Amino acid sequence: MKRTYKMLSFLVLAAAVISCALLVSENRKIRETVAEPADLSTEAAGPYRTADAGRPGGVDELLGWWDERLEAAEKAGRWDVAADYAYRQAAYYRSIGNESEATRWYETSDAYWGKDGTRDRRFDDGPPPPPGTVTLTPYVSLPAEPLREPAKFEPQSGTYLGMFGIFDWTAVAPQFGRYHPIGLTYAGWRKDESDTRNYFPARLINSIRSAGGGALQIGWEPQYGLDRVEDDEYVRSFARQARESGIPIFLRYASEMNGGWVPWYDTPENYVEKFRLIARIMKEEAPNVAMVWSPNFWPNDNIDAYYPGDEYVDWVGFSLYGSPFFDGKEDFSRNLIDYFVPLYEKYAHKPIMISEGAIGYYSRRTNQDYSKWGEGQLANMYAFLPRMFPQVKAITYFNMRKSRSESQNADFLYDLSENPLMFDLYRRLIRDDYFLSRVEQGAATRRNVRYEPLESAAKAGLEGKHTVFSYVKMPLDIQPRSVAYFQGDRRLAVAYEPPWEVELDFSALDPAQELTIVVYNGKQETMESRSFVWAKR
């Protein structure tokens with residue numbers, strides 16, 4: 001009897017999965033015959049896009065991307081990933097009022113989850129959060145302001161992309177779909193204390209040149225301690241080779257000095273003295289070197305004493321990592337942006353780079369996967385952080401391979417290519433015009449904008465077309481499935497992926513009515529609704 005029941009269960013599940021595959025292959029045909037409700041039509045919406053996906057190509061392109069990734073997940077046997085993409089389809093169809101298609105996709109998602117059997121329901125759509133527990137802050141695009149005295153290689157607008165863990169730079173664009181102009185590598189002080197060779201990373205520089213050019217960030221690490229750092233031939237030859245490289249060099253000297261885990265952890269006075277020494281030598285020998293002062297984001301109560309002074313620092317950098325643990329325990333109450341705010345408030349007078357950062361989406365200690373949580377954190381790092389904090393001018397992802405994490409007995413996995421959800425989202429996020437593919441003085445994005453909170457931008461008055469996005473933080477840091485923008489009962493636009501970005505023509509809005517932003521989960525249940533004054537009063 002048990003064997004018969006198991007066989008029947010298997011046949012039912014197999015039929016459901018076959019149905020999923022057929023549904024995916026027919027999906028584009030289905031969409032051609034599906035009409036949105038009349039009150040959401042282009043005519044009713046006037047100058048607004050009714051379903052603005054917030055990324056290049058709009059909602060049709062996004063739906064096609066979901067189809068593609070679902071099919072890839074099926075082929076790879078990643079039923080959890082397939083379930084997630086099916087659920088996104090369901091949420092979309094419910095958002096446009098097509099309940100029959102929504103039901104089909106919800107059932108499809110459940111069938112995939114049944115095949116996978118590893119669902120972590122903590123990150124499923126739950127009930128609306130308690131009042132006062134959701135952060136919802138809209139931002140609006142404004143023309144980028146002219147730079148005050150710019151630092152070396154500082155862009156006027158936008159953020160440079162950087163990557164660690166790639167040694168053949170010609171592979172970067174094919175792998176990630178976008179060229180990253182900054183490579184990250186590390187250079188030890190010497191092989192031994194009597195070694196005068198400089199071990200400058202010329203090999204990676206040559207690889208970057210052959211790939212089309214760019215810049216190199218060098219983590220230069222005095223592993224024998226700061227007392228061994230002197231103005232000698234070793235340092236001078238390193239500086240000369242930096243100059244001879246002919247490309248921009250971001251020299252991140254003795255980073256994370258505020259943490260006791262590094263050999264150059266020392267008194268602030270000694271650190272400041274040695275940083276200034278290196279800065280003076282680079283100024284004399286290598287004008288293409290930008291000095292980067294780069295503490296770790298934690299501990300943050302001892303950072304200020306290590307600052308060498310504006311005269312010696314071109315860029316401020318931070319190591320910024322996200323993990324689902326704090327003080328050894330699971331903790332989803334804080335994220336990268338929470339950690340970053342107090343650092344930014346102190347050092348935003350300089351261009352800032354996330355000199356290395358990553359999301360720990362898998363705990364090797366507990367063997368637990370946090371991919372859905374990790375997706376939200378990756379969105380915080382690339383969709384929200386550079387827009388909310390316009391002095392963030394570069395982000396380098398620490399893409400340490402899984403094999404290296406295991407060999408070093410690291411607590412978390414960071415490798416994007418090992419996680420389909422993280423990898424797919426990363427490739428989506430970096431396509432945006434806000435990310436720069438060339439390092440050059442005064443570089444700018446095509447739109448050349450910055451973002452201000454809607455509340456402050458409204459005080460000066462808003463007219464014409466502007467891009468609007470919304471930063472949303474919910475309990476467990478669960479991400480919405482869509483964010484819609486309304487005036488009264490009129491839905492202006494919808495975004496279906498972070499940063500929940502749409503374009504609005506403020507000249508066509510009624511200045512007497514507030515702008516209402518509604519956050520939905522995947523069942524189209526309202527997680528938060530808030531209204532904002534946008535017109536000057």
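Accessible areas come from the Shrake-Rupley method with a 1.4 Å probe.

**View 1. The whole chain of the predicted model, with its surface and its burial.** The chain exposes about 22,600 Å², of which carbon and sulfur atoms supply 51%. Of the 537 residues in the chain, 58% count as buried, and the secondary structure consists of 14 helices and 22 strands. Among the contacts in the chain with a separation of 6 or more, 75% come from residues that are 24 or more positions apart.

**View 2. Confidence along the chain and the two segments 1-19 and 28-55.** The mean pLDDT of the chain is 89, with 88% of its residues reaching 70 or more. Over residues 1-19 pLDDT stays under 50, and the model has seven contacts beyond four places in sequence for this segment. Over residues 28-55 pLDDT likewise stays under 50, although here the model has 75 contacts beyond four places in sequence.

**View 3. An open sheet of three strands, in the order β12-β11-β14.** The pairing in this sheet is antiparallel. Strands β12 (368-369) and β14 (412-413) stand at the edges, and because each has a single partner strand, one side of each is left without a neighbour in the sheet. In general, strands of a sheet pair through backbone hydrogen bonds, in either a parallel or an antiparallel manner.

**View 4. The pairing of β11 with β14.** Strand β11, which comprises residues 362-363, is joined to β14 by two bridges, and the two strands run antiparallel. Within this pairing, S363 stands opposite F412 of β14.

Methods
Residues are numbered from 1 along each chain as its sequence is written. This is a predicted model: local features need pLDDT of at least 70, side-chain atom pairs count only at pLDDT 80 or more; totals for chains, interfaces and linings use all residues. Side-chain values use heavy atoms; hydrogens and water are left out. pLDDT is the predictor's confidence in each residue, from 0 to 100. Contact means heavy atoms within 4.5 Å. Helices (H or I, at least four residues) and strands (E, at least two) are DSSP runs, numbered from the N terminus. Buried means under 20% relative accessible area, exposed over 50%, partly exposed in between (1.4 Å probe, protein chains only). Two strands pair if DSSP finds at least two bridges between them.
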